[in-house]
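Colleague: Got a minute? I'd like a quick tour of this one before I set anything up.

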Amino acid sequence: MTGNKAEKLPRRTYEKELLRLQTELVRLQEWVRAEGARLVVIFEGRDAAGKGGTIKRVTEHLNPRVARIAALPKPTERERTQWYFQRYVEHLPAAGEIVLFDRSWYNRAGVEHVMGFCSKEEYQLFLRQCPIFERMLVEDGVLLRKYWFSVSDEEQQERFRRRLEDPLRRWKLSPMDLESVTRWEDYSRAKDEMMVHTDITEAPWYVVESDDKRRARLNMIAHLLSSVPYQDVPPPVLDLPERPESTGYRRPPRDLQNYVPDHTADL
């Protein structure tokens, strides 16, 4: 299951285009806020496929009061007794907001199904209800975009190896991630079945080839921007006021406060 290997995008080209696209994302954000739109972006895919890095680039220059990330932990005992979609509904955007789901209700079609964390009946119920749920969101005016990040087995294995050796990224690996190596085909079958049931006209899936993370990030962001009919929103006119003359304020003595030591002095 080897992906098509393309030449890696040069860093200079990547950084230039990323900055341009991030500027457009800010324009999109301002349109969402001004129009009272509700935008939901779902990030799904293989472990180590690059979802987190892409989300980071999407939100890097956005206002966290407008654009927020929903990365839900395991459900609590109480949440396990709720309607499956209930805890996700709580994180949907209100008017003027963007929510990016770092994994989503599709956990049930992937890891829960493959690892046996849900029953066959719960799994089948999800496949029936999910298209209905998403059609309801779209019918209510939510802009719903769904991205599946695809990575080859060889590239995933290499990324896992690098994470194991990197103390700054070791935390990204869990026993569940490593289990996916031995269950590659099970996850492939689960993804195919999920697509059959949930790749609907109202909310289609878009596959992002992500063996080259730079290309994947740019391609995903460019597609998102092209799929939303946003327009320029004129910014408010702001004038920096002149600083007034001093009225005699004096700062308290420095030795009355605790200061962070100058760590940089010893570098």
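Modeller: Sure. Five strands make an open sheet, ordered S2-S3-S1-S4-S5, and the pairing is parallel. Keep in mind that this is a predicted model.

Colleague: Which strands are at the edges?

Modeller: S2 and S5, the latter covering residues 205–209. Each of these two pairs on one side only.

Colleague: What does the twist average from one strand to the next?

Modeller: It averages 20°.

Colleague: Remind me what holds strands of a sheet together in pairs?

Modeller: Backbone hydrogen bonds, in either a parallel or an antiparallel arrangement.

Colleague: How many bridges do S1 and S4 have?

Modeller: Seven, in the parallel sense.

Colleague: And what stands opposite Glu 44?

Modeller: Trp 148, which is in S4.

Colleague: OK, helices. Which strands does H2 lie across?

Modeller: H2 lies across S1, S2, S3 and S4. Against S1 it runs at about 155°.

Colleague: Which residues of H2 are buried?

Modeller: H2 covers residues 51–59, and its buried residues are Lys 51, Gly 53, Thr 54, Ile 55, Val 58 and Thr 59.

Colleague: What do they pack against?

Modeller: Two helices, H1 (11–35) and H10, plus four strands. The strands are S1 (38–45), S2 (67–70), S3 (97–102) and S4 (143–150).

Colleague: Let's look at H10, then. Where does Ile 221 lie?

Modeller: In H10, which takes in residues 213–227.

Colleague: Is Ile 221 buried or exposed?

Modeller: Buried. Its relative accessible area is 0%, and the cut-off for buried is under 20%, so Ile 221 qualifies.

Colleague: What is Ile 221 in contact with, leaving aside neighbours within four places in sequence?

Modeller: Leu 18, Leu 21, Leu 25, Arg 57 and Val 58. Val 58 is also one of the buried residues of H2.

Colleague: How far apart are Ile 221 and Thr 54?

Modeller: In sequence, 167 residues. In space, 8.3 Å from C-alpha to C-alpha.

Colleague: Switching to charged side chains. Where is Arg 163?

Modeller: In helix H7, residues 153–165.

Colleague: Why does Arg 163 count as buried?

Modeller: Because its relative accessibility is 12%, and buried means under 20%.

Colleague: And which residues are in contact with Arg 163?

Modeller: Setting aside neighbours within four places in sequence, they are Ala 48, Arg 169, Arg 170, Lys 172 and Leu 173.

Colleague: What about charges over the whole chain?

Modeller: The protein chain has 44 positive and 44 negative charges. Their mean positions are 2 Å apart.

Colleague: Back to H1 for a second. Thr 23 is there. How accessible is Thr 23?

Modeller: Partly exposed, at 44% relative accessibility.

Colleague: And how far is Thr 23 from Ile 200?

Modeller: They are 177 residues apart in sequence and 31 Å apart in space, C-alpha to C-alpha.

Colleague: Now the overall numbers. How many helices and strands?

Modeller: Ten helices and five strands in the protein chain. The C-alpha trace spans about 75 × 50 × 45 Å along its principal axes.

Colleague: What share of residues counts as buried?

Modeller: 39% of the 267 residues.

Colleague: And the surface?

Modeller: The accessible surface comes to about 17000 Å². Carbon and sulfur atoms account for 52% of that.

Colleague: Last one. What share of contacts join residues at least 24 apart?

Modeller: 80%, counting contacts between residues at least 6 apart in sequence.

How values were computed:
Residues are numbered from 1 along each chain as its sequence is written. This is a predicted model: local features need pLDDT of at least 70, side-chain atom pairs count only at pLDDT 80 or more; totals for chains, interfaces and linings use all residues. Side-chain values use heavy atoms; hydrogens and water are left out. Buried means under 20% relative accessible area, exposed over 50%, partly exposed in between (1.4 Å probe, protein chains only). Contact means heavy atoms within 4.5 Å. Two strands pair if DSSP finds at least two bridges between them. Axes are lines fitted to C-alpha atoms, for helices over the stretch in contact, and angles run from 0 to 180 degrees between N-to-C directions. Accessible areas come from the Shrake-Rupley method with a 1.4 Å probe; for residues, only the protein chains shown count as cover. Lys and Arg count as positive and Asp and Glu as negative; His and the chain ends are not counted. The place of a charge is taken as NZ of Lys, CZ of Arg, CG of Asp or CD of Glu.
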